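Please open the model in your viewer and keep the sequence panel beside it. The tour below moves from one selection to the next and says what to look for at each stop.

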Amino acid sequence: MRTRSKPRNRHSFRSPAKAGVQEPQAARSRLRVPASAGTLSRGRESGFTLIELMVVIVILAILTTIVAINVMPSGQKAKITAAKADISQLEGALNLYKLNYDSYPTTAQGLQALITAPAGVDASKYQKGGYIQKLPPDPWGRPYLYASPGAHGEADVWTLGADGKEGGEGADADIGSWQ
């Protein structure tokens, strides 16, 4: 008794070698293979069209813009934070100077008095090695400003911000020891 095999889907191809049966030459010739199978037609080569490339470039430009818009403010915020930290360090050094001399350095002596003993002060009271090793520039590359007496307290240390001008908003705002 012979069992009937499942009818083949017209799109599937079952190799005669796998079936264990040799098909006659006539049966093999009836198989239809599309003309383009295994070869590329001359009219349509593989690759990207100009429009596809332009779409990808526009998408990359949009993504780059979004990243730049989100990253740029972070850089300015970091500079503002660094300026506040530097000013705090300078205030600490000024307070140590005041402990030794009972007053802050004058505006004329400036912040340089924290590194080397200024002229006209008792050098025996001056802390060996200074109160700080070196004066840091502000995050925008300019020196910090100093006044004693200051407009906001006994001694003011400040930077003019990103624009280097008094006043301003955001990253351009002045950052001072009184804030």
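Which side chain meets that of Arg142 in a salt bridge? Select Arg142 in this predicted model, and then add Asp138, since the side chains of these two residues form the salt bridge, at 4.0 Å from N to O. With a surface shown, Arg142 is partly exposed, at a relative accessible area of 28%, whereas Asp138 is buried, at 3%.

The count of salt bridges comes to two, and for the other stop select Lys98 together with Glu154, whose side chains meet at 3.1 Å, N to O. Lys98 lies in helix H3 and Glu154 in the loop between S1 and S2, so this pair ties together parts that are 56 residues apart in sequence. Lys98 itself is partly exposed, with a relative accessible area of 24%.

Next, display the strands: three of them form an open sheet in the order S1-S2-S3, with antiparallel pairing. Strand S1 (145-147) and strand S3 (175-176) are the edge strands, each pairing on one side only. Strand S2 (residues 156-159) is joined to S3 by two bridges, and if you select Trp158, its bridge partner in S3 is Gly176.

Finally, turn to the largest nonpolar core, which has 20 residues, and in which Leu111, Leu114 and Val157 touch the most other members. Helix H3 (residues 50-101) supplies the largest share of this core, seven residues. Centre the view on Leu111 and, leaving aside residues up to four places away in sequence, you will find contacts with Leu90, Leu94, Leu135, Tyr144, Tyr146 and Val157.

How values were computed. Residues are numbered from 1 along each chain as its sequence is written. This is a predicted model: local features need pLDDT of at least 70, side-chain atom pairs count only at pLDDT 80 or more; totals for chains, interfaces and linings use all residues. Side-chain values use heavy atoms; hydrogens and water are left out. A nonpolar core is a set of buried Ala, Val, Leu, Ile, Met, Phe, Trp, Tyr and Cys residues joined through side-chain atoms within 4.5 Å. Buried means under 20% relative accessible area, exposed over 50%, partly exposed in between (1.4 Å probe, protein chains only). Helices (H or I, at least four residues) and strands (E, at least two) are DSSP runs, numbered from the N terminus. Contact means heavy atoms within 4.5 Å. Two strands pair if DSSP finds at least two bridges between them.
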